[in-house]
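These are my notebook entries on a single protein model. I set down what I looked up, entry by entry.

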Amino acid sequence: MRLVRIGRWMRAAAALALVGCTALAQPTTASLENTYWKLTELGGRPQEPHFILHPDTRRVSGAGGCNRFVGSYQLNGDLLTFGQTAGTMMACAEETETEREFFTALRQVRKARVSGRQLELLDEADRPVARFEAVDPK
């Protein structure tokens with residue numbers, strides 16, 4: 001009788017261990033909305049700008065490398081477009097070109113593709129205009 005109980009306990013422990021290992025092996029997919037998306041590439045160069053989509057208000061907020069911005073967006077499935085944005089106007093000599101390219105890329109976006117913790121923003125021809133990665137809050 002005692003051997004049966006130990007056997008059941010060991011099977012249960014093995015099953016829990018298997019579930020735990022499976023959960024660790026599977027990459028989590030970040031949600032397009034409510035995620036801090038840090039730009040990782042724009043025009044083939046690594047970058048620092050970021051944005052967050054706020055689904056409750058359909059507003060986007062973030063930074064273009066120097067200046068902070070807010071604006072609107074529309075999301076329908078994987079179709080994504082950004083509306084008008086407004087931002088601060090700080091003078092930042094080094095980030096000016098990056099910021100200009102970042103905002104130009106946002107105006108070209110027509111679709112979003114999330115894969116794991118990576119985000120690609122695509123233009124109307126499904127060409128990537130920018131890539132981002134999800135960043136965990138600290």
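**Entry 1. Backbone outliers.**
I began with N34, which counts as exposed because its relative accessibility is 56%, and the cut-off for that class is over 50%. I bear in mind that the model is a predicted one. N34 sits in the loop that joins α1 (2-25) to β1. I noted its phi, which is near 60°, a positive value in a residue that is not glycine.

I then turned to R58, another non-glycine residue with a positive phi, here about 55°. I located R58 in the loop between β2 and β3 (59-63). Is R58 buried, exposed or partly exposed? I entered R58 as partly exposed, since its relative accessible area is 35% and that class lies between 20% and 50%.

**Entry 2. Overall layout.**
I counted two helices and eight strands in the protein chain. Read from the N terminus, the order of elements is α-β-β-β-β-β-α-β-β-β. The chain has 138 residues, and 31% of them are buried. I also looked up the contacts between residues at least 6 apart in sequence: 40% of these join residues at least 24 apart. For the surface I recorded an exposed area of about 9,300 Å², with 56% of it supplied by carbon and sulfur atoms.

**Entry 3. Nonpolar core.**
Which residues touch the most other members of the largest nonpolar core? I found F51, F82, L121 and F132, within a set of 24 residues. At least two residues of this core come from each of β1 (36-41), β2 (50-54), β4 (68-76), β5 (79-87), α2 (96-108), β7 (118-122) and β8 (128-135).

I followed F82 further, leaving out its neighbours within four places in sequence. The contacts of F82 are then F51, L53, V60, S72, Y73, L106, V109 and L121.

**Entry 4. Strand β4 and N76.**
I placed N76 in strand β4. N76 is classed as exposed because its relative accessible area is 58%. I compared its position with that of K111, 35 residues away along the chain, and found their C-alpha atoms separated by 9.3 Å.

**Entry 5. Largest pocket.**
How much space lies in the largest pocket? I recorded about 150 Å³. I counted 10 lining residues, and those nearest the centre of the pocket are N67, T96, E99, R100 and F103. Sorted by class, the lining comprises five nonpolar, two polar and three charged residues.

Note on methods:
Residues numbered from 1 in each chain as written. Predicted model: local features only at pLDDT ≥ 70, side-chain atom pairs only at ≥ 80, totals over all residues. Heavy atoms only, no water. Helix = DSSP H or I, 4+ residues; strand = E, 2+ residues; numbered from the N terminus. Buried < 20%, exposed > 50% of the residue type's maximum accessible area, 1.4 Å probe, protein only. Contact = heavy atoms within 4.5 Å. Areas by Shrake-Rupley, 256 points an atom, 1.4 Å probe, with all protein chains shown as cover. 1 Å grid on protein atoms, 1.4 Å probe; cavity = no way out; pocket = protein on both sides within 12 Å on 5 of 7 lines; lining within 4 Å. Points joined across faces, edges and corners; volume = space filled by probe spheres on them. Nonpolar A, V, L, I, M, F, W, Y, C, P; charged D, E, K, R; others polar. Core = buried A, V, L, I, M, F, W, Y, C linked by side-chain atoms within 4.5 Å.
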